[in-house]
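Me: I would like a close look at one part of this model, with the packing of its interior described residue by residue. Please take the surroundings of that part into account as well.

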Amino acid sequence: MSLLQTLKERSNNACELCAATENLDVYEVPPVSTAGVDGSLLACNTCISQINNPETTDANHWRCLNDSMWSEHQAVKVVVWRLLSRLKAEGWPQDLLDMMYIEDDVLEFAKATGEGVEEGDKIIHRDVNGVILEAGDSVVLIKDLKVKGSSMVAKQGTAVRNIRLDRDNDKYIEGKVGATQIVIITDYVKKL
């Protein structure tokens with residue numbers, strides 16, 4: 001069974017955010033690592049459009065989150081938390097956030113995109129040229145790097161795909177070089 005069919009069955013052919021029944025599609029919750037059923041939800045085009053384009057957000061459309069915040073599915077909880085955090089200046093979303101139950105690991109995933117963090121408090125990762133790095137980007141090493149705790153040397157020109165950002169330090173990213181997961185200082189990478 002396809003992912004779309006599985007999600008339609010799980011949601012009874014309705015948007016898992018607003019309960020609309022038309023123009024439904026799969027929305028993979030960023031930062032996508034495995035996606036699949038656990039990392040995706042079924043949403044209508046209106047919801048997907050407003051999620052992807054925050055400047056078009058209609059706060060009244062999202063009053064439906066009052067119901068969807070109680071979903072048992074992780075992907076739905078993550079998106080609801082992110083949307084309520086985006087809208088909390090409206091007043092009523094903060095009340096819903098205060099009532100919402102979300103497990104620590106799910107909250108960690110919800111915060112992975114920086115949603116819900118005040119603009120001045122956001123940690124921005126930049127490569128050697130000052131280009132902003134996002135989770136899931138690919139970078140290339142600009143010099144040979146000795147990997148601490150091993151005899152491995154990550155060679156200049158090595159591509160590191162699907163990076164993860166350190167939430168506490170703007171100079172650290174994580175990625176795989178070969179089969180080894182390493183922490184890399186952003187001063188030694190260039191975004192591809």
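Which residues touch the most other members of the largest nonpolar core?

Reply: In this predicted model, the largest nonpolar core holds 35 residues, and the members that touch the most others are Leu17, Leu41 and Trp62. Several elements contribute to this core, since strand 1 (24–28), strand 2 (40–44), helix 2 (45–52), helix 4 (74–87), helix 5 (92–99) and helix 6 (104–110) each supply at least two of its residues. Helix 4 gives the largest share, 9 residues. As a general background, nonpolar side chains in soluble globular proteins tend to be buried together.

Leu17 deserves the closest attention here. Leu17 is placed in the loop between helix 1 (3–11) and strand 1, and it counts as buried because its relative accessibility is 2%, where the cut-off for buried is under 20%. Leaving aside residues up to four places away in sequence, Leu17 touches Leu41, Ala43, Cys47, Ile51, Trp62, Cys64, Leu65, Ser68, Val76, Val79 and Val80. Among these partners are Leu41 and Trp62, which are named together with Leu17 as the core members touching the most others.

The chain on the N-terminal side of Leu17 can be followed from helix 1, where Ser11 has its place. Ser11 counts as buried because its relative accessibility is 12%, and its side chain reaches the backbone oxygen of Leu7 at 2.9 Å. Apart from residues up to four places away in sequence, Ser11 touches Glu16 and Leu42. Asn12, by contrast, belongs to the loop between helix 1 and strand 1 and is exposed, because its relative accessible area is 66%. Although Asn12 is not a glycine, its phi is positive, at about 55 degrees. Asn23 is also found in the loop between helix 1 and strand 1, and there too phi is positive in a residue other than glycine, with a value near 55 degrees. Asn23 counts as exposed because its relative accessible area is 55%, the cut-off for exposed being over 50%. For context, most residues other than glycine have a negative phi.

Beyond this region, the C-alpha atoms of Leu17 and Ile163 lie 29 Å apart, with their positions 146 residues apart in sequence. Apart from the largest core there is another core, of 13 residues, which includes Leu133, Leu145, Val160 and Ile173. Leu133 is also one of the contacts of Asp127, which touches Thr186, Val189, Lys190 and Lys191 as well, neighbours within four places in sequence being left aside. Asp127 sits in the loop between strand 3 (125–126) and strand 4 (132–133), and it counts as buried because its relative accessibility is 5%. The side chain of Asp127 reaches the backbone nitrogen of Val131 at 2.9 Å, while the C-alpha atoms of Asp127 and Val140 are separated by 9.9 Å.

Leu145, a member of that other core, also helps to line the second largest pocket, together with residues that include Lys146, Tyr172, Ile184 and Tyr188. This pocket has a volume of about 290 Å³. Strand 6 (145–146) and strand 11 (180–185) each supply at least two residues of the lining, and strand 11 gives the largest share, 4 residues. By type, the lining has 8 nonpolar residues, no polar ones and 2 charged ones.

Terms used. Residues are numbered from 1 along each chain as its sequence is written. This is a predicted model: local features need pLDDT of at least 70, side-chain atom pairs count only at pLDDT 80 or more; totals for chains, interfaces and linings use all residues. Side-chain values use heavy atoms; hydrogens and water are left out. A nonpolar core is a set of buried Ala, Val, Leu, Ile, Met, Phe, Trp, Tyr and Cys residues joined through side-chain atoms within 4.5 Å. Buried means under 20% relative accessible area, exposed over 50%, partly exposed in between (1.4 Å probe, protein chains only). Contact means heavy atoms within 4.5 Å. A polar contact is a pair of N or O atoms within 3.5 Å; within protein, one must be able to donate a hydrogen and the other to accept it, and residues adjacent in sequence count only if both atoms are side-chain atoms. On a 1 Å grid over the protein atoms alone, a cavity is a set of points where a 1.4 Å probe fits but cannot get out, and a pocket is an open set with protein on both sides within 12 Å along at least five of seven lines; lining residues have an atom within 4 Å of a point. Grid points are joined across faces, edges and corners, and a volume is the space filled by probe spheres set on the points. Ala, Val, Leu, Ile, Met, Phe, Trp, Tyr, Cys and Pro count as nonpolar, Asp, Glu, Lys and Arg as charged, and the others, Gly among them, as polar.
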